[in-house]
Amino acid sequence: MAEGHSDQVINNAESSDNVVDGRTIVELAYRPQSADTLAGLRVRERIKWAGLLLRGALLLLSVGNWLVSAVVRGSVDVFSTTVLLLVVLLVWGYPRLQAAHVQRLVGWQGEYRATVSPAGITCRTDHSTLIQKWSVFQGYRETAGHFVLLSRDPNIMCVEVLPKRGVHEAGDIERIRAILDQYTPRV
């Protein structure tokens, strides 16, 4: 009688939706780089247009100011040219400065071990563990070298970047893509 009971428990466990198949879990191991954060910031910028529009308007106003001062004076002004170059440098360099700052914040933690599963994404380092359920994300976007997941909050304050270089096997990228497609939409 005990034998029949144990077979029934095993059969129930196999048919349960809560059992996680080993093929639905993908593990990544990587050291974060500034380029990873920059890829995440670029994706966020394409989804959320406000920052891009603001920087574009600043650049346009600076170029307009430089052109007007050059036409009025009849020659190029050193001050206006310097301001224009500083604005161009700021518009181009701001995302890179953000990425470098984030790298200083997370780089000291060493190797990241991320697990993508039906339960969500778990990132572990020697110093911390972060567990994020799928409900945290509004969607994801795939780039040439990354999977970028965007948080659900209106300002998209959190961005999870999974570098493709962190996979162990060739088929892992397709498995990650399948899991992401199942639990969160592409944006």
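Of the 187 residues in the protein chain, 33% are buried, and since the coordinates belong to a predicted model, everything that follows describes that prediction. The chain contains five helices and seven strands, and read from the N terminus its elements follow the order α-β-α-α-α-β-β-β-β-β-β-α. Where contacts link residues at least 6 apart in sequence, 58% of them join residues at least 24 apart.

The strands can be taken sheet by sheet. One open sheet has four strands in the order S1-S2-S3-S4, and their pairing is antiparallel. Its edges are formed by strand S1, residues 26–30, and by S4, each of which pairs on one side only. Averaged over this sheet, and with direction ignored, neighbouring strands are turned by 15 degrees against each other. Helix H5, spanning residues 172–183, packs on this sheet and touches S1 together with strand S2 (112–117), and the direction of H5 makes about 115 degrees with that of S1.

Within this sheet, the pairing of S3 with S4 can be followed residue by residue. Strand S3 covers residues 120–124 and strand S4 covers residues 129–132; the two run antiparallel and are joined by four bridges. Together S3 and S4 make a hairpin, with four residues between them. Thr-122, which has its place in strand S3, finds its bridge partner in S4 in Ile-131, while the bridge partner of Cys-123 in S4 is Leu-130.

What surrounds Thr-122, once residues up to four places away in sequence are not counted? Thr-122 touches Arg-113, Ala-114 and Thr-115 as well as Thr-129, Leu-130 and Ile-131. Arg-113, Ala-114 and Thr-115 fall within the range of strand S2 (112–117), whereas Thr-129, Leu-130 and Ile-131 fall within that of S4 (residues 129–132). Thr-122 has a relative accessible area of 14% and therefore counts as buried, the cut-off being under 20%.

The other open sheet to consider has three strands in the order S5-S6-S7, again with antiparallel pairing. Here S5 and S7 are the edge strands, each pairing on one side only, and neighbouring strands are turned by 20 degrees against each other on average, direction ignored. Between S6 and S7 the antiparallel pairing extends over five bridges, and Leu-149 stands opposite Glu-160 in S7. Helix H2 packs on this sheet, where it touches S5, S6 and S7, and the direction of H2 makes about 50 degrees with that of S6. Helix H5 also has a place here, since H5 lies across S5 and S6 and runs at about 20 degrees to S6.

The loop between S6 and S7 holds Ile-156, a residue other than glycine whose phi is nonetheless positive, near 50 degrees. Is this residue, Ile-156, buried or exposed? Its relative accessibility is 3%, so Ile-156 counts as buried.

Helix H2 deserves a closer look. H2 has 14 residues and spans 20 Å from its first C-alpha to its last, close to the 20 Å expected at 1.5 Å a residue. Its buried residues are Asp-36, Thr-37, Leu-38, Ala-39, Gly-40, Leu-41, Val-43 and Glu-45. The elements that cover these buried residues of H2 include H3, helix H4 (78–106), and the strands S5 (137–142), S6 (146–151) and S7 (159–163).

The packing of H2 against H3 remains to be described. Two packed helices are described by the angle between their axes and the distance between the axes. Helix H2, residues 34–47, and helix H3, residues 49–73, pack at an angle of about 90 degrees, and their axes are 5 Å apart. H2 is therefore roughly perpendicular to H3. In this contact, Glu-45, Arg-46 and Ile-47 of H2 meet Trp-49, Leu-52 and Arg-55 of H3, a set of residues that divides into three nonpolar, no polar and three charged. Glu-45 thus has two roles in this account, being one of the buried residues of H2 and also one of the residues of H2 that meet H3.

Methods: Residues are numbered from 1 along each chain as its sequence is written. This is a predicted model: local features need pLDDT of at least 70, side-chain atom pairs count only at pLDDT 80 or more; totals for chains, interfaces and linings use all residues. Side-chain values use heavy atoms; hydrogens and water are left out. Axes are lines fitted to C-alpha atoms, for helices over the stretch in contact, and angles run from 0 to 180 degrees between N-to-C directions. Angles under 35 degrees count as roughly parallel, over 145 as roughly antiparallel, 65 to 115 as roughly perpendicular and the rest as oblique. Contact means heavy atoms within 4.5 Å. Ala, Val, Leu, Ile, Met, Phe, Trp, Tyr, Cys and Pro count as nonpolar, Asp, Glu, Lys and Arg as charged, and the others, Gly among them, as polar. The expected span of a helix is 1.5 Å times one less than its number of residues. Buried means under 20% relative accessible area, exposed over 50%, partly exposed in between (1.4 Å probe, protein chains only). Two strands pair if DSSP finds at least two bridges between them.
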